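Trainee: I'd love a close look at a single part of this model, followed outwards to whatever surrounds it. Please pick a good starting point and take me through it slowly.

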Amino acid sequence: GRLEAVTQQMGYHPQYLDSFLKTQHYLMHMDGPLPFDCRHYIAIMAAARHQCRYLVNLHVLQFLRAGGDPQWLRGLDFIPPKLRNLNEINKILAHRPWLITKEHIEKLLKISEWSWSLAELVHAVVLLAHCHALASFVFGCGCEQDDGLGGRGLLKPLSPGNQCFCEVTTGNGCSQELLRINRKRSLDSCMELDSLRERMQRIHVETEGREETRLLQQDREEGEGQGAEVGVQDGTEHCSDLSAGLSPLADTDGEVTGATNLACYMQDPDFGYQDFARRDDDQTQVFRVQDYSWEDHGFSLVNRLYSDIGHLLDEKFRMVDGLQSSAMAKRQGCEPSVFKRGIWNYIHCMFGIRYDDYDYAEVNQLLERMLKVYIKTVTCYPEKTNSEMFDRFWKQFKHSEKVHVNLLILEARMQAELLYALQAITQYMI
């Protein structure tokens with residue numbers, strides 16, 4: 001009778017959970033351009049990029065339940081070429097979405113008998129981004145771990161069984177019950193958030209950033225020779241400055257126990273995240289939200305090619321932005337929206353997405369170092385997340401507020417991948 005682990009974690013924020021479940025159900029189980037078995041196989045491919053066994057197992061069961069060919073589960077060599085051709089865009093979106101170009105889109109849409117339609121491709125892209133971001137949430141909240149691997153202590157991660165988590169709860173009442181259960185189980189401290197409040201109140205005080213500036217200078221010196229940094233106009237900070245030296249606390253060899261079992265679902269397993277950089281030859285360009293945004297461009301395109309999904313995604317983006325955590329709302333010295341925007345923009349910055357109206361110096365003043373380490377790891381290489389990292393950041397916060405951070409990571413990452421993919425589709429259509 002235990003509820004599925006992802007649902008339990010999101011249950012700390014029932015309004016968001018409702019929005020997430022609606023989107024998940026629509027993507028996987030409602031009418032759309034792609035067959036149901038293909039949807040789950042695409043989800044398997046996406047989750048495998050981050051070695052997310054939890055999601056792979058869930059969608060393998062759902063794939064079989066939808067009538068999928070068991071032979072496909074032997075790996076990419078046993079699936080139709082049309083699906084296999086999606087591997088390249090899956091790989092790039094998962095790790096370096098800024099490399100997506102209209103040539104990748106054109107290749108998928110013009111391969112004779114194995115070509116994709118625009119509607120099918122949009123559905124597939126949304127699925128890929130959804131599952132990549134969900135893998136970050138799964139690892140970030142400990143749903144991937146069992147009791148013997150240092151779970152969060154609140155949940156016993158479950159085998160997903162034969163139900164997708166969008167099927168195990170229905171209606172607002174269940175979400176309220178989840179909130180009651182999770183509050184009862186919470187073992188977190190209710191300590192005052194003085195340190196964060198003071199940090200936010202001093203955001204524009206010059207002395208606040210001195211130590212951070214010294215650390216950033218040290219990081220830059222250590223990182224020299226590893227690639228150029230992203231330039232920002234008028235002397236504002238480089239993107240790589242904000243994340244330089246922030247590597248996961250997990251082992252750096254990239255090995256995950258039993259990962260070979262998932263190797264059949266991906267090609268080029270060594271392809272991973274690299275810090276976004278703008279080089280002199282302009283091979284990579286900063287993505288300016290003022291030129292292509294979700295609100296002005298992405299929403300209308302995705303909604304036109306895959307009916308109603310734009311509304312569901314937009315609701316989910318707005319829902320996470322509007323979440324009010326009790327401690328953050330009552331005890332912070334300034335608006336919670338300032339803090340949340342700092343997290344959101346920091347995540348987008350790691351993917352080369354910039355907001356011209358934002359002062360990126362605020363990121364270094366708002367986000368303490370351990371929080372930045374955690375966010376970068378969960379966002380860019382979630383498979384390296386461990387319980388120590390979760391425990392070390394925000395010790396003064398309740399578990400529900402750490403879940404809130406992971407929801408921001410999920411949605412910011414998903415929107416970043418969608419912006420790159422939808423921009424490439426737009427350029428192809430032009």
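Mentor: Let's start with Pro 97, which is buried, with a relative accessible area of 0%. Buried here means under 20% relative accessible area, exposed means over 50%, and partly exposed is in between, with a 1.4 Å probe and protein chains only. Before we go on, remember that this is a predicted model, in which local features need pLDDT of at least 70 and side-chain atom pairs count only at pLDDT 80 or more, while totals for chains, interfaces and linings use all residues. Residues are numbered from 1 along each chain as its sequence is written, and side-chain values use heavy atoms, with hydrogens and water left out.

Pro 97 belongs to the loop between α6 and α7 (102-109). The helices (H or I, at least four residues) and strands (E, at least two) are DSSP runs, numbered from the N terminus. Setting aside residues up to four places away in sequence, Pro 97 touches Ile 92, Phe 351, Glu 417 and Tyr 420; contact means heavy atoms within 4.5 Å. The C-alpha atoms of Pro 97 and Leu 419 lie 9.0 Å apart in space, with their positions 322 residues apart in sequence.

Follow that link and you come to α20 (399-429). Helix α20 has 31 residues and spans 45 Å from its first C-alpha to its last, close to the 45 Å expected at 1.5 Å a residue; the expected span is 1.5 Å times one less than the number of residues. This helix is mostly covered, with 26 of its 31 residues buried. One residue of α20 to pick out is Ala 424, which is buried at a relative accessible area of 2%. Leaving out its neighbours within four places in sequence, Ala 424 contacts Ile 100, Thr 101, Lys 102 and Ile 105. Ala 424 and Lys 102 are 4.6 Å apart, C-alpha to C-alpha, though 322 residues apart in sequence.

Now step back from Pro 97 to helix α6 (residues 87-95) and its partner α3. Two packed helices are described by the angle between their axes and the distance between the axes. The axes of α3 and α6 come within 10 Å and cross at roughly 45°. That makes α3 oblique to α6. Axes are lines fitted to C-alpha atoms, for helices over the stretch in contact, and angles run from 0 to 180 degrees between N-to-C directions. Angles under 35 degrees count as roughly parallel, over 145 as roughly antiparallel, 65 to 115 as roughly perpendicular and the rest as oblique. The crossing of α3 past α6 is right-handed: a crossing is left-handed if the near helix is turned anticlockwise from the far one by less than a right angle, and right-handed if clockwise. From α3, Met 45, Ala 46 and Arg 49 meet Asn 87, Asn 90, Lys 91, Ala 94 and His 95 of α6.

The loop between α3 (36-49) and α4 (53-65) holds Gln 51. Gln 51 has a positive phi of about 55° although it is not a glycine, and it is buried, with a relative accessible area of 12%.

Going back to α20, we can reach α14 (residues 309-322), which has 14 residues and spans 20 Å between its end C-alphas, close to the 20 Å expected at 1.5 Å a residue. The buried residues of α14, including Leu 312, Leu 313 and Phe 317, pack against α20 and also α2 (14-29), α8 (118-140), α13 (294-305) and α16 (336-350). With α2, the angle is about 155° and the axes are 9 Å apart; α2 and α14 are therefore roughly antiparallel to each other. Their crossing is left-handed. Among the α2 residues in this contact are Tyr 16, Phe 20 and Tyr 26, while α14 brings residues including Ile 309, Met 319 and Val 320.

Of those partners, α16 contains Asn 345, buried at a relative accessible area of 1%. Asn 345 touches Tyr 355, Tyr 358 and Tyr 360, not counting residues up to four places away in sequence.

For the wider setting, the protein has 20 helices and two strands, and 56% of its 430 residues count as buried. Of the contacts between residues at least 6 apart in sequence, 78% join residues at least 24 apart.
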